[in-house]
Amino acid sequence: MDEAELIRRAQEGEHAAFATLMGLYQRRVMSLIRTFIRNSDDAADVFQEIWLRVFMGIKRFRLEATFYTWIYRITVNRCITWHDQYGRRGKLHAKPMENGEEDDDWLERTIYLQGIQTTEASSDRHKAAQLQKIWAAVETLNPKQRLIFSLRYQHGLQVKEIAEIFDMPEGTVKILAFRAVRQIRDKLKEEMA
Amino acid sequence: MSATWEPREGDWIEWLDGTLEPQARARFQRWLDAHPEQARDMRELQELEADLSLMPLPAVDEELMEESCRRVMASLDNSQPAPQRQRATLVRLQRWAWLPAAAAALVLGVVLGRQGQLTRQPLAAHGIRGGATNNVDGVVEVSTATPSRRTLDVQDLAVDARSGVRIRLQETSNYEINGSTADVDVQNTLSYIVRNDREAERRLTAIQLLDEHCSGDGVCQVLIYAMTQDPVASVRREAALALQDDQQDAMVRQSFLKMLVEDPAPELRRLAQGVLEEQGAASAQAQPVGR
């Protein structure tokens, strides 16, 4: 069954079709959330809320539009709202909440899953260290830039698609992405100095 | 090339992503040749871009994701359309029904005031604590309900069905308020009851009165509080019903989402889903844009 058919069925209220759609995109959504929210409970809450929003809005979704950019848009909007509500108060890098697990190991896990063995060849160790430095610099970006960075370089989206997600001109996306790269470069330089 | 030419930010971006026009590219290259420091800067950016494009997606906690998906599907499977609103406990009044009566009261007040018949008396004269009183035709009106008093314990709370605009709140001892629900102090008292009264029945009635007669952000916030925080399901339900027509408010939508995900009562989760779906359909009609 193709995606359009799944969407049609989900629009008619078929939960199984919606579950299949969720299966197709859940990893991308969760990955984007995790670039933003460290606390695992918060990430899970936001993830659920996003999919409930997708479910609520799917009846209004027009099939001629791109489904995944629509899901990305909902995710991006929710992440920014979350940041406005909690991130600015320091929760972004704060200690875990009552039941939340502050996941500081996710980057190490990512490096491991990428097959970069930090204990073996020195080139791999260097690569892993470089990734950690880059990520530390990424975390200094503002929310919008960080999301644009993640969509462009980690999720591999085109500028046009990112522009659609953020509802902004392509030129603006290019400028924000360029400034993000320059800021990361400056942070890395500072680190080296 | 002009000696003073400097590349703009856009030139740097187009150079990096390879979309600069050949002529402009040549000009930029000449500029870089003449500015070795900037050329080094450009190389660094190019190298970093190459590194960045190899950045992996963050590793996802599979267990967490699967559990979250299960919860989403459980929320949806437990949901059905919202029930029709039911109100039998109070006489339903039109939202603006109090206006003619209030206007009449105002005219009466002006007339009596001119005749010098309105007298301000200390509350103690009526055995009432707090606020100022007017005694007109034997009706004691108290304009201050001291809602901040934590010991407030209202025994009787009812709409005067005859006038439709007065409420009576009676405390165990000698506390009585007869006022218009248009009075902000009375609204505050009702809000206080919703948040603090020990008796669920009174909280419920206060919600109904607020919904019937009062409006504004403050009322909305109190209803959101009751809908999401009250320990009794019937009170949460009443608050949700009072708010279901205010879906254009982002906080209200958020509260219904919260109810859908977190409320322990399946009936209320179903109600929230129905309300959100209804709102979705209304938005689609109002704004026929697919995304």
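Where in chain A does A:Asp167 lie?

## A:Asp167

In this predicted model, A:Asp167 sits in the loop that links helix 8 to helix 9 (170-192) of chain A. The residue is not a glycine, yet A:Asp167 has a positive phi of about 55°.

Is A:Asp167 buried or exposed? A residue with 12 or fewer C-beta neighbours within 10 Å is classed as exposed. A:Asp167 has 10 inside that distance, and therefore counts as exposed.

## Confidence in chain A

Chain A has a mean pLDDT of 81, with 80% of its residues at 70 or more. Among the elements of chain A, the highest mean pLDDT, 93, belongs to helix 8 (residues 159-166). The lowest, 55, belongs to helix 5 (residues 106-113) of chain A.

Two stretches of chain A call for caution. Over residues 90-102 of chain A, pLDDT stays under 50, and the model has 16 contacts beyond four places in sequence for them. Residues 115-120 of chain A also stay under 50, and here the model has nine contacts beyond four places in sequence. Where pLDDT is low, the predicted coordinates should not be read in detail.

## Chain B

Chain B is built with 11 helices and six strands. Of its 291 residues, 27% count as buried. Among contacts in chain B with a separation of 6 or more, 51% are between residues 24 or more positions apart.

## The contact between the chains

How many residues does each chain bring to the contact? Chain A gives 42 residues and chain B gives 37 residues. On the side of chain B that touches chain A, at least two residues each come from helix 1 (9-17), helix 3 (36-52), helix 4 (62-77), helix 10 (250-262) and helix 11 (266-286) of chain B. Helix 4 of chain B supplies the largest share of that side, 10 residues.

By residue class, the side of chain B that touches chain A consists of 22 nonpolar, nine charged and six polar residues.

## The largest nonpolar core

The largest nonpolar core holds 84 residues. Which of them touch the most other members? They are A:Ile33 together with B:Ile207, B:Leu210 and B:Leu223. Helix 3 (residues 40-57) of chain A contributes the most to this core, 10 residues.

B:Leu210 can be followed further. Apart from neighbours within four places in sequence, B:Leu210 is in contact with B:Leu190, B:Ser191 and B:Val194, and also with B:Val219, B:Val222 and B:Leu223. B:Leu223 is thus a contact of B:Leu210 and is itself listed among the core residues that touch the most other members.

How values were computed. Residues are numbered from 1 along each chain as its sequence is written. Chains are lettered from A and ligands numbered from 1 in the order in which they are written. This is a predicted model: local features need pLDDT of at least 70, side-chain atom pairs count only at pLDDT 80 or more; totals for chains, interfaces and linings use all residues. Two residues are in contact if their C-beta atoms, placed from the backbone, lie within 7 Å. Helices (H or I, at least four residues) and strands (E, at least two) are DSSP runs, numbered from the N terminus. Ala, Val, Leu, Ile, Met, Phe, Trp, Tyr, Cys and Pro count as nonpolar, Asp, Glu, Lys and Arg as charged, and the others, Gly among them, as polar. pLDDT is the predictor's confidence in each residue, from 0 to 100. A residue is buried if 20 or more other C-beta atoms lie within 10 Å of its own, exposed if 12 or fewer, and partly exposed in between; C-beta atoms are placed from the backbone. A nonpolar core is a set of buried Ala, Val, Leu, Ile, Met, Phe, Trp, Tyr and Cys residues joined through C-beta atoms within 7 Å.
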